[in-house]
Amino acid sequence: MDAIFHGFLTLLNLFLIVGCCVVFTNAVEHLGKIYNLNEGAVGSILAAVGTALPETIVPLVAILGAYLAHTDVNVGKEIGIGAILGAPFLLSTLAMFVTGLAVVIFWTMGKRERKMNANYVVMYRDLKFFFFSYTLAIAAGFIHIPVIKYACAAGLFIYYIVYVFKTLNCSHSQCGESAEIEELLFEKIFRKYNTFLVWLQVAVSIGALIYFAHLFVGQITYFADLFKINPLVLSLILAPIATELPEKFNSVLWVSQKKDTLALGNITGAMVFQSCIPTAIGILLTPWVFGMESLINILMVYCSTVLLFINLYRDRHFSAHILVTCGLFYLIYLIYVFWKLI
């Protein structure tokens, strides 16, 4: 009976996390409008960071919460490392697959063309930044000198600041004009619109995200104990699927509206963010060493990223069938995990 109750709470947490992300993303899109940002900045920074918050908060809550609550710190660290590594993995495989599949479906329905019109400058820049930052983060796992590890973490923070600076300073002609956005959700409640109300919606959604992420970590820990499953493996699969839902939801929505730069920038921008900020936190707060499950996970990320690079370099745009193919690497890892469990 307890398992059913916790299962219900887990599902409820997922819906609440997604709901909070929708509220947050809506607010940051309006920030883009207020501050006249280019489409690449809105998709790769504002929307990406907004929807990447849950998978950033989950490892933070798991690691710091274990210390503050005096629970099993090792379990908290394993969940944290799993969630950190799982985010780029899900983004580069499953999120790409869902987006590519959505393109094919909407094209079949006659609602859009098959070719994707995502901005080449934005896509190439995001993938290039991700490849180097992710490689630095993974390399830190094989370094056993604390000073050098901490230097890698500092370098990742600085690298992301450079990425943000370059993205924000990209001209509208190169990175695209801001797309039309929906009405601010708080505007429907308060019947007015101003900058303060936009920032208030941002603050409220972030607070709710932190709270529900804390509850979600508790559910992962419970099921790991119940089924005697390695918390790292569980968090590599379950936590990222849950927290990556906003990226998938937003990308499908934008694909249906033919806003491919926003759809893919939401994913590639989140990949850059996840390879810099959460990994830097993982390097600082955990042992940051990788077992076989983590190494296979990392290999799948590189396979998918290289495939995307080749497609972009050859065609100067992403093809829907290449995005769908990225899902193959997720399937391979899933088969490996279940084989290990059996």
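In this predicted model, C276 has a relative accessibility of 0% and therefore counts as buried. C152, at 9% relative accessibility, is likewise counted as buried, because the cut-off for burial lies under 20%. A disulfide is a covalent bond between the sulfur atoms of two cysteines, and the structure holds 0 disulfides.

C276 belongs to the contact between helix 5 and helix 11. Helix 5, spanning residues 146–168, packs against helix 11, spanning residues 260–285, at an angle of about 155°, and the two axes lie 8 Å apart. Because this angle is over 145 degrees, helix 5 is roughly antiparallel to helix 11, and the crossing of the two helices is left-handed. On the side of helix 5, the contact is made by K149, Y150, A153, L156, F157, Y159, Y160 and Y163, while the residues contributed by helix 11 include G269, F273, S275, T279 and L284 in addition to C276. By class, this contact comprises 15 nonpolar, 3 polar and 1 charged residues.

Helix 5 also packs against helix 4, which covers residues 120–140, at an angle of about 170° and with the axes 9 Å apart; helix 4 and helix 5 are therefore roughly antiparallel to each other. Helix 4 enters this contact through R125, D126, K128, F129, F132, S133, L136, A137 and A140, whereas helix 5 supplies residues among them C152, V162, K166 and T167. The contact of helix 4 with helix 5 has 10 nonpolar, 2 polar and 5 charged residues. K149, L156, Y159 and Y163 of helix 5 take part in the contact with helix 4 and also in the contact with helix 11.

Notes: Residues numbered from 1 in each chain as written. Predicted model: local features only at pLDDT ≥ 70, side-chain atom pairs only at ≥ 80, totals over all residues. Heavy atoms only, no water. Axes fitted to C-alpha atoms, helices over the stretch in contact; angles between N-to-C directions. Helix = DSSP H or I, 4+ residues; strand = E, 2+ residues; numbered from the N terminus. Parallel < 35°, antiparallel > 145°, perpendicular 65-115°, else oblique. Left-handed = near helix turned anticlockwise from the far one by under 90°. Contact = heavy atoms within 4.5 Å. Nonpolar A, V, L, I, M, F, W, Y, C, P; charged D, E, K, R; others polar. Disulfide = S-S within 2.5 Å. Buried < 20%, exposed > 50% of the residue type's maximum accessible area, 1.4 Å probe, protein only.
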